[in-house]
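Student: I've got a structure to go through and I'd like to know where the labels come from. Can we take them one by one?

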Amino acid sequence: MKSALTSSRAVARKIAPGLGLVCVTCSDAIKFVAKAPAFQVIANVYEGSTWRRVDHFHLECYLDSGEPFGPVSQAS
Ligand SMILES: [Zn+2]
């Protein structure tokens with residue numbers, strides 16, 4: 001049985017200022033906007049049981065692309 005810790009998963013977090021992240025789906029910057037706080041999705045991507053990378057998405061882009069790394073959970 002696969003552990004939940006060794007498969008791809010996605011978490012939503014509030015976008016923080018100054019991180020310089022780019023959305024994997026649309027290639028646009030994930031920008032912090034003080035007036036309209038938004039969420040980004042952080043996906044830990046595993047191939048088999050091996051961690052490969054962290055991908056970042058706008059929340060909208062992640063949902064639009066059909067949640068490729070599983071349903072989004074809220075960061076605690
Ligand atoms: Zn995007």
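Student: Let's start with pairing. Which residue is the bridge partner of Ala12 in E6?

Tutor: Gln74 is the bridge partner of Ala12 in E6. Keep in mind that this is a predicted model. On the E4 side, Ala12 has Val41 as its bridge partner, and for Arg13 the partner in E4 is Gln40.

Student: What makes E1 and E6 a pair?

Tutor: Two strands pair if there are at least two bridges between them. Three bridges join E1 to E6, so by that cut-off they pair. E1 and E6 run parallel.

Student: How do you know that E1 pairs with E4?

Tutor: It's the same kind of test. Six bridges join E1 (residues 9-14) to E4 (residues 39-47), and at least two are needed, so they pair too. This time the strands run antiparallel.

Student: Why is the pairing of the sheet called mixed?

Tutor: The open sheet has four strands in the order E5-E4-E1-E6, with mixed pairing. You've just met both kinds: E1 and E6 are parallel, while E1 and E4 are antiparallel. Ignoring direction, neighbouring strands here are turned by 30° against each other on average.

Student: Why are E5 and E6 said to stand at the edges?

Tutor: E5 (50-58) and E6 (72-74) each have a single partner strand, so one side of each has no neighbour in the sheet.

Student: How many helices and strands does the protein have, then?

Tutor: There is one helix, along with six strands. Along the sequence the pattern is β-β-β-β-β-α-β.

Student: Now burial. Why is Ala34 called exposed?

Tutor: Ala34 has 6 C-beta neighbours inside 10 Å. The exposed class takes 12 or fewer, so Ala34 falls in it. Ala34 sits in the loop between E3 (29-30) and E4.

Student: And what makes Ser27 exposed but Glu67 partly exposed?

Tutor: Count the other C-beta atoms within 10 Å. Ser27 has 8, and 12 or fewer means exposed. Glu67 has 14, while buried needs 20 or more, so Glu67 lands in between and is partly exposed.

Student: Where do Ser27 and Glu67 lie?

Tutor: Both are in loops: Ser27 between E2 (21-22) and E3, Glu67 between H1 (59-64) and E6. Each is a residue other than glycine with a positive phi, near 65° for Ser27 and near 50° for Glu67.

Student: What makes up the largest nonpolar core?

Tutor: Eight residues: Ala10, Cys23, Ile30, Val41, Ala43, Phe57, Tyr62 and Phe69. To join such a set, a residue has to be buried, with 20 or more other C-beta atoms within 10 Å. Across the protein, buried residues make up 13% of the 76 residues.

Student: Which residues does Cys23 touch, leaving out those up to four places away in sequence?

Tutor: Cys23 touches Asp28, Ile30, His56, Phe57, His58 and Cys61. Two of these, Ile30 and Phe57, are listed in the core along with Cys23.

Student: How do you know that the radius of gyration agrees with a compact globule?

Tutor: Set the two values side by side. With 76 residues, a compact globule would be near 11 Å, and the protein has 13 Å, which agrees. The C-alpha trace spans about 45 × 25 × 20 Å along its principal axes.

How values were computed:
Residues are numbered from 1 along each chain as its sequence is written. This is a predicted model: local features need pLDDT of at least 70, side-chain atom pairs count only at pLDDT 80 or more; totals for chains, interfaces and linings use all residues. Helices (H or I, at least four residues) and strands (E, at least two) are DSSP runs, numbered from the N terminus. Axes are lines fitted to C-alpha atoms, for helices over the stretch in contact, and angles run from 0 to 180 degrees between N-to-C directions. A nonpolar core is a set of buried Ala, Val, Leu, Ile, Met, Phe, Trp, Tyr and Cys residues joined through C-beta atoms within 7 Å. Two residues are in contact if their C-beta atoms, placed from the backbone, lie within 7 Å. The radius of gyration is taken over C-alpha atoms; the globule rule is 2.2 Å times the number of residues to the power 0.38.
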